[in-house]
Amino acid sequence: MWVNQVHMSKSADGRMYVAANNYRNDDYENYLWVTEDQGLSWRSIVGDLPAEQVVRVVREDLRNPDVLWLGTEMRAFWSWNGGRNWLPLDGNMPTVAVNDLVVHPRDNDLVLATHGRGIWILDQLNALQEMTPEIAMSNGHLFSIEPAEQIRYRAEKAHTGNMVYEGENPPAGAIIDFWSAGEGAIAQIVVLSEEGVEVASMEVEAGRGLNRAVWDLRHARQGVASGTSGFSRGSAGPFVIPGEYTVRLSIGRVVAEERVQVDEDPRLSFEPEVRVEWTETLLDVWGMVGQAQQLSQDVASMADRLNTETGSLDLSDALENRAHDLERTTGELVSRLNRLYGSIQGWIGPLAADQEAQRSFLSQKLAELSEEWEKFQGDLPEITRH
């Protein structure tokens, strides 16, 4: 028969795998063997692989030699126990021949070369490498997390060019994989700095089995409370300072922690103290954005109420005009602070003189408008304060 692939183990001397097929002779049986003694004896590791898959390629995992990756004429498979049992890795892949595969030694991703349907990548294999029957029997488990880089992706809306021939980028952040025993369980994920300060959090409704969330490597978002959609809600906070962070998972009574290394975009180069100062500046301006947004929302809510209840409240024209003026000025303040925040993010370094002047002016304006809002509320009739 046709010997499709020979694979030498990197973990054990004398171990070798052979993937073969015989479909050219109308034989669609699965043929897959391993030797532990340099070929003197062989045993089948077909296990419970579904019949008539037509085996093409097998590889031993680089981190866990008990984990095997298999490509067949139909799909890819995963074994966690050396080939005794196999599970398909169908996901969103079409039914397609997997002619070759590799575990990327740097990124720890599974890369599949298919016949006629492109290259497919399964990001971050840690959960499949670390999965055990004990974990499957547990109520919850947090798997290790690969280092994550703060890649600055450029906007490409102006043209398409060759983009239609490109695949998707990997998730922009740290991939957090965890196990849940219950369907519909609420998992709480918190990211802590080395000092134990919370920098981001999320809630996700977990399904039974493996679940995945992605932290975008930014400080907690503002404007919208955490929800089941995860870290992506609200306006984006600044990137955290590169370093080690702790990810804490709470699901039911299970609390687990893993460390994650956050690295800077490798294309950027600057002194660490410059990066720290830039982040602190961003956090300060971003904090003002949050305060201004809340102030603007409060003022707009009151202005809408006054508009709808003006007849029953019997307000003076002066009070109504003040409300509308506050609504306009607080909205403008939010707009200007957002523009300043965006411009600061575009360059890692000290503020330009104009940016520093804007920061000082807008900070003063925020304080003035907050004070004016407090005074306005005090001048309203008692019935409107509830």
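**Exercise 1.** How many aromatic pairs does the structure hold?

*Solution.* Keep in mind that this is a predicted model. The structure holds four aromatic pairs. Let's take one of them, Tyr31 with Trp33: the ring centres sit 5.8 Å apart and the planes are at 25 degrees. Planes under 30 degrees apart count as stacked, and that is the label for Tyr31 and Trp33.

**Exercise 2.** Work out whether Tyr31 and Trp33 are each buried or partly exposed.

*Solution.* Start with the cut-off: buried means under 20% relative accessible area. Tyr31 comes in at 18%, so Tyr31 is buried. Trp33 has 28%, so Trp33 is partly exposed.

**Exercise 3.** Classify the pair formed by Trp215 and Tyr245, then place both residues in the chain.

*Solution.* First, the geometry: 5.7 Å centre to centre, with 65 degrees between the planes. Over 60 degrees counts as edge-to-face, and this pair gets that label. Next, the location: Trp215 belongs to strand E17 (residues 209–215) and Tyr245 to strand E18 (residues 243–251). With the two positions 30 residues apart, the pair links distant parts of the chain. Trp215 and Tyr245 are both buried.

**Exercise 4.** Find out which side chain of opposite charge is nearest to Asp123.

*Solution.* Locate Asp123 in the loop between strand E11 (119–122) and helix H1 (126–130). Now look for the partner: it's Arg212, 5.1 Å away. A salt bridge needs the atoms within 4 Å, and Asp123, though buried, has none. Asp123 does touch Arg212, though, and its other contacts include Asp109 and Ile175.

**Exercise 5.** Which residue lies over the face of Phe239?

*Solution.* That's Arg218, at 4.0 Å from the ring centre. Likewise, Arg24 lies over the face of Trp2, at 4.4 Å.

How values were computed. Residues numbered from 1 in each chain as written. Predicted model: local features only at pLDDT ≥ 70, side-chain atom pairs only at ≥ 80, totals over all residues. Heavy atoms only, no water. Helix = DSSP H or I, 4+ residues; strand = E, 2+ residues; numbered from the N terminus. Buried < 20%, exposed > 50% of the residue type's maximum accessible area, 1.4 Å probe, protein only. Lys, Arg positive; Asp, Glu negative; His and termini not counted. Contact = heavy atoms within 4.5 Å. Phe/Tyr/Trp six-rings, centres within 6.5 Å; stacked < 30°, edge-to-face > 60°. Lys NZ or Arg CZ within 6 Å of the ring centre and 35° of its normal. Lists of a residue's contacts leave out its neighbours within four places in sequence.
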